[in-house]
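Please read the points below with the model open beside them. They are meant for someone coming to it fresh.

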Amino acid sequence: AMMFAGLTSAYVVSKSRPDWVAELDLPASFLWSTIIILLSSITLHFAERAIKRDDRSLTTTGLLATLGLSVVFIVLQFYSFNQLISDGFYFTGSESNITTSFIYIVVLAHLAHL
């Protein structure tokens with residue numbers, strides 16, 4: 001929670017920088033990946049409740065659903081990266097900027113969290 005709070009704070013401070021790319025439109029796949037990761041939180045919650053009721057079948061279903069949604073999240077993140085790169089927004093090197101580097105860090109933090 002502290003890591004994501006810190007990243008959110010960094011975003012709020014950084015977006016006022018003169019080199020922040022305001023015209024960058026994020027691909028819709030980032031929105032879909034956010035929805036997917038929220039759904040995975042719900043399936044994980046149901047799996048936790050099933051564990052407390054000692055329902056192994058429902059626990060397995062919930063955990064497998066969470067794993068599947070996590071894989072979909074990762075695929076959507078890489079798809080989003082590819083879209084940004086094809087639009088000319090790079091994450092590293094001389095053509096990168098603070099905005100794309102920030103997106104890269106936030107996504108990698110999410111992937112590490114998964």
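The points below cover a helix, the residue after it and a group of aromatic rings.

1. This is a predicted model, in which local features need pLDDT of at least 70, side-chain atom pairs count only at pLDDT 80 or more, and totals for chains, interfaces and linings use all residues. Residues are numbered from 1 along each chain as its sequence is written, and side-chain values use heavy atoms, without hydrogens and water.

2. Helix α2 covers residues 28-52; at 1.5 Å a residue its 25 residues should span 36 Å, and the end C-alpha atoms, 37 Å apart, agree with that. Helices are DSSP runs (H or I, at least four residues), numbered from the N terminus, and the expected span is 1.5 Å times one less than the number of residues.

3. Among the buried residues of α2 (buried: under 20% relative accessible area, 1.4 Å probe, protein chains only) are Phe30, Ile36, Ile37 and Ala47. Their cover includes α3 (56-86) and α4 (98-113).

4. Asp54 sits in the loop between α2 and α3. Its phi is positive, near 60°, although the residue is not glycine. Asp54 counts as exposed (over 50%) because its relative accessibility is 62%.

5. There are 5 aromatic pairs in the structure, a pair being rings of Phe, Tyr or Trp (its six-membered ring) with centres within 6.5 Å. Phe81 and Phe91 pair edge-to-face (planes over 60 degrees apart), at 4.8 Å centre to centre and 70° between the planes. Phe81 belongs to α3 and Phe91 to the loop between α3 and α4, so this pair ties together parts 10 residues apart in sequence. Both Phe81 and Phe91 are buried, and with Phe78 and Tyr104 they form one aromatic cluster.

Key:
Helix = DSSP H or I, 4+ residues; strand = E, 2+ residues; numbered from the N terminus. Contact = heavy atoms within 4.5 Å. Phe/Tyr/Trp six-rings, centres within 6.5 Å; stacked < 30°, edge-to-face > 60°.
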